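Look at the sequence and the model shown below. The report that follows goes through a sheet, a ligand site, some charged pairs and two loop residues.

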Amino acid sequence: MRYSTTMTSRWLIVVLLCIAATFAISPSLHAEELSKTDFVLGTVCTVRLLEGGSKATLDESFSRLRTIEDHMSANRDDTEISQVNAMAGKTPVKVSEDTFYVISKALEYARLTNGAFDPSVGPLVKLWNIGNGDEKVPPTEKILAAKALVDWRQVVLDATTRTVFLKKPGMALDLGAIAKGYAADEIEKILLNHKVKAAVIDLGGNVFVFGSKKDKSPWRIGIQNPESERGEYLGIVSGGQMTVVTSGVYERYFIENGKRYHHIMSTQTGFPVDNDLISVSIVSKSSIDADALSTVLFVLGIEKGMEFLKQFPDTYAIFIDKDHNVYLSPGAGKVFNLQDKSYRYAEK
Ligand code: FAD
Ligand code: MG
């Protein structure tokens, strides 16, 4: 997968991104259905209104997505996150309520995981720059220097002034593991306000199915088969209103000397997390939590991840490893159905 920031290549990405990790299995299209797709948050985002809502609902949804990108992107120089990063070691920066909330939430996950999930992973993300098309394994001294700057305890939030301060120069926030989930929850609020009855939000594989379909049949969300074309799913999650978010190693990566280097970083080693996992999908009611948890459980691995998940009721995980084993968290069997016979259920 290759990413660049120019407009021409952006739409090329639209095609490339067609191997998104999670996707709603489409109910048939109706003539009255309204839908909008655009490139935002570094990915292809679609909102489909199956019942209720109007063009204004879609416009408001995409305007909200743009605002979130304007505030939280680490890939542009003019965002709040970029200002916080530029002022690292110098001065606190005042941010909007949404940026403050997402950073607080990310720091909460950092605390719960003792830094395995860490929004101050920016220096490592920038150094590895996975997805820009020109990647190679960085020199060890640079990896160690970047790793030394990753420390969520050095991120200071002040709720009274709504400021964020990174204590050490060179520190940098990156909300890539959590902000799309927040964005999906924000669109949910807009759909509620507009009295939408049924809709599908797809933010580059972060899928949120909202409300219930006219015929009351369950929603079906496919978990992408990591080794196949898009549309070939390994299994299906079905149920009522929910979000399904997947973190995987098969979209943003490069291969050097036969080894795959992907975009989910170990804050312990400074290298991409090295375990046998291909993907982790989370089923939940809250997309910000599902997004954070998909990354958290990927980093923690199967055993620690299953243990960690116990503190989140009604939240399920589906782990897939490179040997075609599928591991389900307790209760996930109620919502997940394995379809591809070359994969099998396993237990740790
Ligand atoms: P997830 O597993 O949810 O997240 C992985 C991402 O989290 C990594 O890419 C990294 O950013 C971060 N991360 C890695 N390791 C850790 C860790 N241990 N703890 C915490 N976080 C970690 N992409 C572009 O190519 N160009 C853009 O202009 C661009 N703009 C964006 C703007 C916004 C507001 C957002 C939210 C994303 C943007 N992206 C952009 C995509 C972004 O760079 C990530 O690649 C993407 O969010 C990864 O999401 P995921 O669901 O694939 O993986
Ligand atoms: Mg995530």
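How many bridges join strand β14 to β15? Six bridges join β14 (residues 277-284) to β15, and the two strands run antiparallel. The model discussed here is a predicted one.

## The sheet

Strands of a sheet pair through backbone hydrogen bonds, either parallel or antiparallel. In this model, nine strands form an open sheet with mixed pairing, in the order β2-β3-β7-β8-β11-β14-β15-β16-β18. At its edges are β2 (34-40) and β18 (344-345), each of which pairs on one side only.

At the β2 edge, the partner is β3 (residues 43-51). These two strands pair in the antiparallel sense over seven bridges. Within this pairing, T37 stands opposite T46 in β3.

Further along the order, β15 has β14 on one side and β16 on the other. In the pairing with β14, V283 stands opposite Y316 in β15. The pairing of β15 with β16 (residues 325-328) is also antiparallel and has three bridges. Here I320 stands opposite V326 in β16. β15 and β16 form a hairpin with three residues between the strands, and H324 in this hairpin takes a positive phi near 70°.

Is β15 largely enclosed or open? Six of the six residues of β15 are buried, so the strand is largely enclosed by the rest of the structure. In a regular strand the side chains alternate between the two faces of the sheet. For β15, one side has Y316, I318 and I320, the other has A317, F319 and D321, and all of these are buried. Both faces of β15 are therefore covered.

## The ligand site

Which residues come nearest to ligand 1? There are 23 residues around ligand 1, and D174, G176, S247, H263 and M265 come nearest. By class, this shell has eleven nonpolar, seven polar and five charged residues. Two helices, α7 (179-193) and α8, each supply at least two residues of the shell.

Oxygen atoms of the ligand lie at short listed distances from polar protein atoms. With G176, the distance is 2.7 Å and the protein partner is a polar backbone atom. With S247, an N or O atom in the side chain is 2.6 Å from a ligand oxygen. The side chain of R252 also has an N or O atom 3.1 Å from an oxygen atom of ligand 1. On its own, ligand 1 has 940 Å² of accessible area, and the protein covers 92% of this.

## Salt bridges

The structure holds 17 salt bridges. The table gives three of them.

| Pair | Distance, N to O |
|---|---|
| R76 and E69 | 2.9 Å |
| E97 and R162 | 3.7 Å |
| D323 and K322 | 3.8 Å |

The pair of E97 and R162 joins two parts of the chain. E97 lies in helix α4, while R162 lies in the loop between β5 (155-158) and β6 (163-166), so the pair ties together parts that are 65 residues apart in sequence. E97 is exposed, with a relative accessible area of 59%. R162 counts as partly exposed at 24%.

In the pair of R76 and E69, is E69 buried or exposed? E69 is buried, because its relative accessible area is 12% and buried means under 20%. R76 has 23% relative accessibility and counts as partly exposed. In the third pair, D323 is partly exposed at 39% relative accessibility, and K322 is partly exposed at 46%.

Some charged residues are linked in a network of salt bridges: R64, D98, E186 and K189.

## Two loop residues with positive phi

Where is N114 placed? N114 is in the loop between α4 (97-112) and α5 (122-128). Its phi is near 55°, a positive value in a residue other than glycine. N114 has a relative accessible area of 56% and is exposed.

D314 lies in the loop between α8 (287-309) and β15 (316-321). The phi of D314 is near 55°, again a positive value in a residue other than glycine. At 59% relative accessibility, D314 counts as exposed. The loop that holds D314 leads to β15, the strand whose six residues are buried.

Definitions and conventions
Residues are numbered from 1 along each chain as its sequence is written. Chains are lettered from A and ligands numbered from 1 in the order in which they are written. This is a predicted model: local features need pLDDT of at least 70, side-chain atom pairs count only at pLDDT 80 or more; totals for chains, interfaces and linings use all residues. Side-chain values use heavy atoms; hydrogens and water are left out. Helices (H or I, at least four residues) and strands (E, at least two) are DSSP runs, numbered from the N terminus. Buried means under 20% relative accessible area, exposed over 50%, partly exposed in between (1.4 Å probe, protein chains only). A residue is near a molecule or strand if one of its heavy atoms lies within 4 Å of it. A polar contact is a pair of N or O atoms within 3.5 Å; within protein, one must be able to donate a hydrogen and the other to accept it, and residues adjacent in sequence count only if both atoms are side-chain atoms. Accessible areas come from the Shrake-Rupley method with a 1.4 Å probe; for residues, only the protein chains shown count as cover. Ala, Val, Leu, Ile, Met, Phe, Trp, Tyr, Cys and Pro count as nonpolar, Asp, Glu, Lys and Arg as charged, and the others, Gly among them, as polar. Two strands pair if DSSP finds at least two bridges between them. A salt bridge is a side-chain nitrogen of Lys or Arg within 4 Å of a carboxyl oxygen of Asp or Glu.
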